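The following exercises concern a ligand site and some charged pairs. Please study the sequence and the structure before reading each solution.

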Amino acid sequence: MRVLFATSEARPLAKTGGLADVSGALPAALRDTGIDCRLLLPAYPGTLDGVRGARECLRLEAIPLFGGVRLLQAEMPDADTPVYLVDAPDFYARAGGPYQDIDGYDYPDNALRFGLLSWLAAHLATDATALGWRPDILHCNDWQTGLAPAWLRFMGGGARSLMTVHNLAYQGIFPADTVVQLGLPAEHFQMEGMEYYGNLSFLKTGLFYADRINTVSPSYAEEIQHEPLGMGLQGLLAARRDLLSGIVNGIDTAFWNPAGDPHLPAAYAADDLAGKQACKRALQGDLNLVADAHAPLFGIVSRLTYQKGIDLVLAIADWLIARGGQLVLLGSGEAVLEQAVHGLAARHPGKVAAIIGYDEGLAHRIEAGVDCFLMPSRFEPCGLNQMYSQRYGTPPIVHATGGLKDTVVDATPQTLARGEASGFVFDGETPAALQAAVERMLALFADAKAWRRLQTTGMRRDFSWEGSARQYAELYRAMLGAGPGARG
Ligand code: ADP
Ligand code: GLC
């Protein structure tokens, strides 16, 4: 079976969030199941230096609207996974990130930039492809590839298409005249098609035209069929619910492994946690926190956005410090939140460390060095950090939503007695609810034996990609077996 995995970011080549972690690991895990999975990704600056053996494999001279484009074939740096890079410097060779310039503003031509990525994904999935490798499945991810399932149909079909939703909050909505600009058929710009309240929605388009839809946890698949988490698309998603499923993400257990993590000052494993104490000491030292092995140290690594519930943490932070806690926060995002976080650190020298920015090594050292990870997200399609933290012996406190609910076992007397508890799950998006969960955590933290059991239970859980990859393989097979009638 051949799968083209179209994505706008993939670790370690380009990353803004969890989509990159997934794109960097799932294709390789699919290949391990015997599927010929290949990536399609824009060639951003640096991408070409990151891959191995880049060579031209296709030149498309005059694509309507986009002009000439080269397709390069290469291999991912840390695996043999083939990757096709869209070499279109006018669109992708820019200072800044994949979506925004260095000042944090969206590129004004993102519709064209990701229109091109979608167009190419669709083209390569048709029988007319000049590549000599036609996938059976076109696997699209988030709005950046949302037009591909539609284009694939308009081009006359070919591969079956899967649309994976990693986050419904980002929909890729552009003014109506984008339809003409991109040369999309105007007759499909309607409610039963690509239109969303008078605009063109890349994500809605993908959800409407894809043969199947999935999201990154079973709970989120359920939640998005209703208000408020459907974010305006609940009607369409509920109507297509028979074609919608949830597959929880895995994590890269080689890259996130406390027993062999080059970013850590000391290694450790479930049967010997001494190295974790050393990681805590080093982190407190590096970040100018009071050196105190017993102070409960909390950590956050996150995009600073409303989604992540950072404001809830800010609301209880003074209380947390008064209770003897310490807090480390690494993240970047909304200016208001960045300022608030800075302000908090300034109020509590030696107790709160705030690092605004993006730092992969520090993210690992935080996962290892803190006692408890905070993830009170208002919604979370899957979330990866709560899994990283369990693997690092750092029980997380999470809001009962989406993938958080699906991957953390709340510590109750029953789950503790059964040795299943791995963290703390709370209901209700309020500071009081978060505070109550922290109280529960502190009570258990004071009981060294019980705490250790909680840690090691999390560390021994299996979050590897293997199981998720098997579920994707089954989904692909179902799509191929279903016949054209199943297109919905
Ligand atoms: P999302 O994709 O919504 O941001 P996830 O939990 O799925 O949330 O994935 C976030 C990923 O990005 C994790 O790998 C996390 O470690 C990483 N990350 C987020 N912010 C930072 C940061 N400031 N520095 C380093 N890594 C970060
Ligand atoms: C999105 C979601 C996050 C998920 C990630 C990878 O960024 O916000 O919950 O883990 O995609 O699927």
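**Exercise 1.** Determine how many residues of each class the shell around ligand 1 has.

*Solution.* Step 1: nonpolar covers Ala, Val, Leu, Ile, Met, Phe, Trp, Tyr, Cys and Pro, charged covers Asp, Glu, Lys and Arg, and polar covers the others, Gly among them. Step 2: the shell has seven nonpolar, seven polar and six charged residues.

The model is predicted: local features need pLDDT of at least 70, side-chain atom pairs count only at pLDDT 80 or more, and totals for chains, interfaces and linings use all residues. Residues are numbered from 1 along each chain as its sequence is written, chains are lettered from A and ligands numbered from 1 in the order in which they are written, and side-chain values use heavy atoms, leaving out hydrogens and water.

**Exercise 2.** Identify the salt bridge partner of Glu439 and state where both residues lie.

*Solution.* Step 1: a salt bridge requires a side-chain nitrogen of Lys or Arg within 4 Å of a carboxyl oxygen of Asp or Glu. Step 2: the partner is Arg323, with the closest N and O atoms 2.8 Å apart. Step 3: Glu439 belongs to helix α17 (residues 431-445), whereas Arg323 sits in the loop between α11 (310-322) and β14, 116 residues apart; helices (H or I, at least four residues) and strands (E, at least two) are DSSP runs, numbered from the N terminus.

**Exercise 3.** Is Arg418 buried or exposed?

*Solution.* Step 1: buried means under 20% relative accessible area, exposed over 50%, and partly exposed in between (1.4 Å probe, protein chains only). Step 2: Arg418 has 53% relative accessibility, so Arg418 counts as exposed.
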